[in-house]
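I opened my notebook to get to know a structure I had not looked at before. These are my entries, in the order I made them.

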Amino acid sequence: MTSEKMGGNIMKRLSLLLVLLIACGALFNVNTIYAATENSQAPDNYINTNLVLNNTTDALTNVTIQNTTGSTQKNVTEPVNNTTVINQSINQNTTNSSQNNGPTLKSFSLTSVQNSTDTTGDKYKNISAIWLNAEDVTNLNITKIKNTRITDIFVKCNIYSSTYQTSLKNLVAMFKNSGIRINAWVTCFLDANGKWINPAGTTYTYTVNVTQKVAVKTPYKYWYKSWYQYRGYWYYTWKYVWKTKTTYKTVTTTQTKTGINTTYNTRVINATVNMVKNYGVNGINLDYLRYPGTAYKYTNSTQAITSFVKSVYNSVKSVNSSVAVSADVMPEGKINAYYYGQNYTQLAKYLDFLVPLVYKGGYGYNSSTGTSSSGKNGTLWIGNSIAYIVSQANGTPVVAGLQAYRSANNLTAIPLSELQNDIKAASNNGASGYALFRYGRITEAFFKNSTPNTFTLDQIQNAAVSLKSFIETNKKLPAYVTIGTTQISIEDLLNLMITNVLQLNNGNRTSITFKNISSPSNPTGDLVDGAITKTEYLSIAQNIKSFIDANGAAPNYATSSLGKIQYESVIYMYSKILNFYNTTHELPDYITVKAWTALTPVVTDPRPVYITSDNIINTVTDTNRINTIAYNLEMLGLTAVNWGLGPNSHYTVLQSSLVPTNALIVDIYGGACAGTIYEMGQDYYKALVGDRKVFSVWLAPYATDITGLAWLPRSYDDNFDPISFTGIPNPDQYLLNNGYEYIYSGDLNTIINRIYQEATEPY
């Protein structure tokens with residue numbers, strides 16, 4: 001994808017593969033096996049590339065890391081001097097920024113509407129993505145992209161240049177709270193000069209000094225008496241023989257050794273971690289993740305590719321488990337691992353989704369009607385290729401990477417009807433969506449022809465009910481909501497809610513068309529708490545709608561008889577109105593409103609959080625879980641520390657003088673131990689706790705849920721209680737009576753939300 005040049009000499013590679021093709025059969029009707037992709041393009045003269053590849057015997061550890069299900073993080077502004085009604089200010093700013101007089105609060109939370117979920121399995125089931133060059137960011141038509149219902153953008157990030165940092169930062173800001181995920185598109189094994197890098201590392205020689213003892217043999221004469229007899233008497237004469245004496249001396253010599261340099265791999269991994277930590281990306285998209293068709297020449301080449309992906313996956317997830325890791329892979333089926341080192345099944349273990357680059361123009365198929373030398377249909381080839389890769393991915397989503405123009409030698413955009421046929425062929429064969437290469441080459445008809453999203457009144461009302469519950473539980477707005485499978489921003493939901501209320505009042509039940517609108521520039525208000533009549537809140541809704549239609553943005557406040565109702569409070573007000581209607585099937589005669597500050601008290605002194613955990617699954621997974629929780633708590637403005645793993649970590653953390661006296665201790669357990677719970681009620685334990693606060697997390701489904709449990713028996717591995725201790729009755733009440741809160745859950749969002757509440761409660 002980094003070049004607009006496609007392999008012009010593709011056909012000359014065919015002879016190299018003839019023997020293999022005879023053995024394997026023509027896979028997926030591929031005409032030219034080595035044909036590469038615009039994303040992961042093999043150079044035209046790939047045989048003469050400056051590739052420095054060496055044999056390696058690195059072993060691949062057979063460990064499967066499960067996909068984590070954390071939610072995508074979005075920025076949300078926490079209101080300070082909020083009021084509950086918005087005012088149609090003529091001077092409202094229509095920019096995308098969502099600044100506020102108060103502190104910024106980043107929220108990990110997702111309001112889930114209807115049956116939508118945020119598990120990894122569903123999160124990447126309906127992807128509509130585009131690849132984007134960094135230089136296109138400044139001229140991006142944001143509205144056009146939003147109206148096309150794009151879910152993901154892969155933006156080019158050249159790790160050899162600092163310029164990507166600005167474009168990445170700007171793009172993340174542009175689509176803040178839009179529901180569109182920003183993925184950093186990273187080249188793996190091509191260097192700054194376009195030279196291929198060996199994924200296993202490059203060999204090099206070096207000289208070392210070797211000290212050793214050396215034997216030194218010295219000859220010497222050994223004299224002895226030689227006796228003889230003469231005339232009855234014995235006589236002797238001195239004779240000698242040569243002998244050798246061995247001594248040892250220490251000498252220093254030089255020795256040439258061979259090493260493996262993986263500095264380049266480390267640089268790529270560190271760059272991806274930096275993007276996740278500092279730029280708020282939602283995903284990492286790995287490109288050029290392969291050998292240039294020569295993997296079969298090198299020992300363990302497939303393991304080298306898989307091992308690298310595993311390292312990226314673990315590094316990214318250790319920072320933020322909700323960030324997706326995807327990879328662009330070649331589409332050549334059974335021979336893919338042999339030539340490129342890409343084993344679909346192995347890679348799928350460490351990816352949130354795969355993106356096979358089924359660029360039909362690169363494989364001789366220039367149209368859906370068939371213009372290859374054998375007259376075969378390019379769209380059919382796309383479907384067959386995707387079907388095979390889906391069968392190898394073991395449930396990991398497969399997103400079809402489609403070329404939006406004829407070929408590297410013909411940049412004519414593929415017509416909309418043909419592009420839609422390609423998308424349909426991929427979808428019908430198991431693809432979980434598509435990604436188009438690339439923005440600027442896609443037919444304009446694709447954007448103009450996009451059918452806008454519409455939502456039924458019932459869908460919007462259900463979203464409002466969930467939103468109301470979220471606000472009352474979390475004392476803030478969520479980052480976005482999901483209606484069905486569509487993520488929308490809070491300002492967009494406001495527009496849907498007020499339109500819904502107006503239509504209900506008029507008896508109009510038609511579905512409402514979704515609009516992409518911008519955030520308010522500076523929410524503010526001076527509301528006096530009170531009640532607003534139906535006539536007035538309908539009038540306010542009409543004023544808001546008129547303002548949005550004229551400005552394309554949500555207003556900072558709404559004027560009311562009680563004063564200026566701040567943007568956030570207006571959202572809460574209309575969620576309450578629709579919640580009332582959802583229950584009674586009537587609009588309320590009046591609605592009470594409060595200033596946003598009364599709904600969202602500012603926490604001035606939250607507790608620092610120290611997190612411990614049992615050894616529940618394995619060291620990597622358990623550590624990643626703690627790091628994910630800590631990272632999200634820090635995004636919410638808290639101090640969070642991973643104290644570590646171990647069966648006694650919940651106790652040693654209390655003994656440490658490094659843990660502040662006002663800390664919140666969060667202990668994560670994989671099993672409910674009666675002895676541990678009993679210990680928490682004893683005086684010596686409470687003395688250790690002191691002014692600190694202890695909050696227990698029993699992780700589902702591994703631990704027993706103690707809620708409502710009549711008897712919790714002694715654990716099988718309890719070796720610290722006397723034999724007489726057999727268990728504890730009503731463990732949930734025992735904890736509560738001793739002043740301890742707990743949660744039983746396997747959902748990280750729920751756990752993080754609850755920890756945040758515990759840390760921010762007044763004390």
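What follows are my notes on this predicted model, going from the whole chain down to single residues.

**Entry 1: the whole chain**

I started with the overall counts. The protein chain has 763 residues, and buried ones make up 55% of them. I found 22 helices and 30 strands listed for the chain. Next I looked up the surface: about 32,100 Å² is exposed, with 48% of that supplied by carbon and sulfur atoms. Then I checked contacts between residues at least 6 apart in sequence, and 80% of these join residues at least 24 apart.

**Entry 2: the cores**

Which residues touch the most other members of the largest nonpolar core? I noted Ile-145, Ile-153, Leu-168, Leu-171, Phe-175, Met-275 and Ile-284, out of 89 residues in that core. I picked Leu-171 and listed its contacts, leaving out residues up to four places away in sequence: Leu-132, Val-137, Leu-140, Ile-153, Val-155 and Ile-182. Apart from this core lies another one, of 49 residues, and among them are Ile-460, Ala-464, Ile-483 and Ala-558.

**Entry 3: a patch on the surface**

I went to the outside next. A nonpolar patch on the surface is formed by Trp-223, Trp-227, Trp-234, Tyr-236, Trp-238, Tyr-240 and Trp-242. Together these residues have about 910 Å² of accessible area. Two elements give two or more residues to the patch, β7 (202–230) and β8 (233–261). Strand β8 supplies the largest share, 5 residues.

I zoomed in on Tyr-236, which is found in strand β8. Is Tyr-236 buried, exposed or partly exposed? Its relative accessible area is 37%, so Tyr-236 counts as partly exposed, because that class runs between the 20% and 50% cut-offs.

**Entry 4: a hairpin**

I wanted one strand pair to follow by eye. Strand β21 (residues 557–560) and strand β22 (residues 563–566) pair in the antiparallel sense, over 4 bridges. A hairpin of 2 residues joins β21 to β22. For one of the bridges I wrote down the partners: Ser-560 is matched with Gly-563 in β22.

**Entry 5: salt bridges**

A reminder to myself before this part: side chains of opposite charge can pair when their charged atoms come close. My search of the whole structure turned up 15 salt bridges.

I began with Glu-418 and Arg-406, whose side chains meet in a salt bridge at 2.8 Å, N to O. This pair links distant parts of the chain, with Glu-418 in helix α10 (residues 416–428) and Arg-406 in strand β13 (residues 405–407), 12 residues apart. Both Glu-418 and Arg-406 are buried.

Then I looked at Arg-509 and Asp-458, a salt bridge with its closest N and O atoms 3.2 Å apart. Where do these two sit? Arg-509 is in the loop between α13 (490–506) and β19 (512–513), while Asp-458 is in helix α12 (residues 457–474), so I noted another link between distant parts of the chain, 51 residues apart. Arg-509 is partly exposed, at 45% relative accessible area, and Asp-458 is partly exposed too, at 42%.

I stayed with helix α12 for one more pair. Glu-472 forms a salt bridge with Lys-468, and the closest N and O atoms are 3.0 Å apart. Both residues lie in helix α12, 4 residues apart, which is about one turn of the helix. I checked burial as well: Glu-472 has 33% relative accessibility and counts as partly exposed, whereas Lys-468 has 17% and counts as buried, because the cut-off for buried is under 20%.

My last note here is on a network of salt bridges, which links Lys-693, Glu-741, Arg-754, Glu-758 and Glu-761.

**Entry 6: one glycine**

I finished with Gly-280. Its place is in the loop between α5 (263–279) and β9 (283–287). Gly-280 is partly exposed, with 37% relative accessible area. Leaving out residues up to four places away in sequence, Gly-280 touches Val-172 and Met-275. I had already written down Met-275 as one of the residues that touch the most other members of the largest nonpolar core. I also looked up Asn-320, which is 40 residues from Gly-280 along the chain, and the C-alpha atoms of the two are separated by 9.8 Å.

Terms used: Residues numbered from 1 in each chain as written. Predicted model: local features only at pLDDT ≥ 70, side-chain atom pairs only at ≥ 80, totals over all residues. Heavy atoms only, no water. Buried < 20%, exposed > 50% of the residue type's maximum accessible area, 1.4 Å probe, protein only. Contact = heavy atoms within 4.5 Å. Areas by Shrake-Rupley, 256 points an atom, 1.4 Å probe, with all protein chains shown as cover. Core = buried A, V, L, I, M, F, W, Y, C linked by side-chain atoms within 4.5 Å. Patch = residues over 30% accessible without salt bridge, like charges linked within 9 Å, V, L, I, M, F, W, Y side chains within 5 Å. Salt bridge = Lys/Arg side-chain N within 4 Å of Asp/Glu carboxyl O. Pairing = 2+ DSSP bridges.
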